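Open the model in your viewer and keep the selection tool at hand. We will move from stop to stop.

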Amino acid sequence: MIAQSALIVVDVQNGFIDGALPVPGGVEVVPIINRLACAFPNIIITQDWHPPGHVSFASSHPGRQPFDAIELPYGRQVLWPDHCVQNTHDAALHDALDLPRAQLLIRKGFHSDVDSYSAFQEADRKTPTGLAGYLRERGIQTLFITGLATDFCVAWTAIDARDNGFETCVIEDATRAIDLNDSLAAAWAQMTAHGVQRIQSREIEGFV
Ligand code: VGL
Ligand code: ZN
């Protein structure tokens, strides 16, 4: 076990695997994450959890198409197909994800007018989810981040983890990207600039 650390499993949901917003190769992270989980004393899952008509849905903006970007009061917002609507199959965790020891499930994106890629705070950059307080209170110092999608929810979570003072590693082969207009390269550049470490699952293998 890797002491005082947590594995964070971001948005491994049907919607991002074979649903409304499929991430290429997304299903491939599932067995890697299941195996990695054996090495971690603490496991935290996030779940994208939008109400119908959410502001991030292109269908909420007449004349707009999925993958367009618009300006909202809190900044730039990419518009998505309707995805991960609360209590639908699309929002459910993938069936093959096998994390019986997971301790916390953080839902995000549930406010109609604000998106939330990060597990720490909403896209207004001022509404916290409570995750930082939970981790601190439990004495967790190092985070290993996996899941979907590398260039959106994984990257925003990793950057906010650094901003909250956590040692942060993204396990690259346990993530997959949407890669919209080179967003994957941009996300890695930003993560690196924030001090996020880019590692591979084989570097954890000794602990599994
Ligand atoms: C995500 C786009 C919209 C993600 C969530 O999990 O990366 N991407 N909602
Ligand atoms: Zn979403």
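**A tour from helix to zinc**

Select glycine 165, which follows helix H4. Its phi is positive, near 90°. Keep in mind throughout that this is a predicted model.

Now step back to H4 itself, residues 150–163. Is this helix mostly covered or mostly uncovered? It is mostly covered: eleven of its 14 residues are buried. Among them are Phe152, Cys153, Val154 and Ile159. Two aspartates, Asp151 and Asp160, are buried as well.

Show what lies over these residues. The cover includes strands S1 (5–10), S6 (142–148) and S7 (167–176). It also includes S4, S5 and helix H5 (183–193).

Next, display the largest pocket. Its volume is about 560 Å³. Of the 23 lining residues, select the closest to its centre: Arg76, Tyr117, Asp151, Phe152 and Trp156. S4, H4 and H5 each give two or more residues to the lining. H4 gives the largest share, six residues. Colour the lining by class: 13 residues are nonpolar, five polar and five charged.

Last stop: the zinc ion (ligand 2). Which residues are its protein donors? Select Asp48 (OD), His50 (NE2) and His83 (NE2), lying 2.0 to 2.2 Å from the ion. Histidine 50 sits in the loop between strands S2 (43–48) and S3 (69–72), and histidine 83 in the loop between S4 (75–78) and S5 (104–108), so the pair ties together parts 33 residues apart in sequence. Both histidines are buried.

Finally, look at the angles. The four donor atoms around the zinc subtend 88 to 171°, which makes the arrangement irregular.

Definitions and conventions: Residues are numbered from 1 along each chain as its sequence is written. Chains are lettered from A and ligands numbered from 1 in the order in which they are written. This is a predicted model: local features need pLDDT of at least 70, side-chain atom pairs count only at pLDDT 80 or more; totals for chains, interfaces and linings use all residues. Side-chain values use heavy atoms; hydrogens and water are left out. Donors are N, O and S atoms within 2.8 Å of the metal (3.2 Å for Na, K and Ca); water is not among the atoms, so sites may look incomplete. Four donors count as tetrahedral if all angles lie between 85 and 135 degrees; four count as square planar and six as octahedral if opposite donors are over 155 degrees apart and all others between 65 and 115; anything else is irregular. Helices (H or I, at least four residues) and strands (E, at least two) are DSSP runs, numbered from the N terminus. Buried means under 20% relative accessible area, exposed over 50%, partly exposed in between (1.4 Å probe, protein chains only). Contact means heavy atoms within 4.5 Å. On a 1 Å grid over the protein atoms alone, a cavity is a set of points where a 1.4 Å probe fits but cannot get out, and a pocket is an open set with protein on both sides within 12 Å along at least five of seven lines; lining residues have an atom within 4 Å of a point. Grid points are joined across faces, edges and corners, and a volume is the space filled by probe spheres set on the points. Ala, Val, Leu, Ile, Met, Phe, Trp, Tyr, Cys and Pro count as nonpolar, Asp, Glu, Lys and Arg as charged, and the others, Gly among them, as polar.
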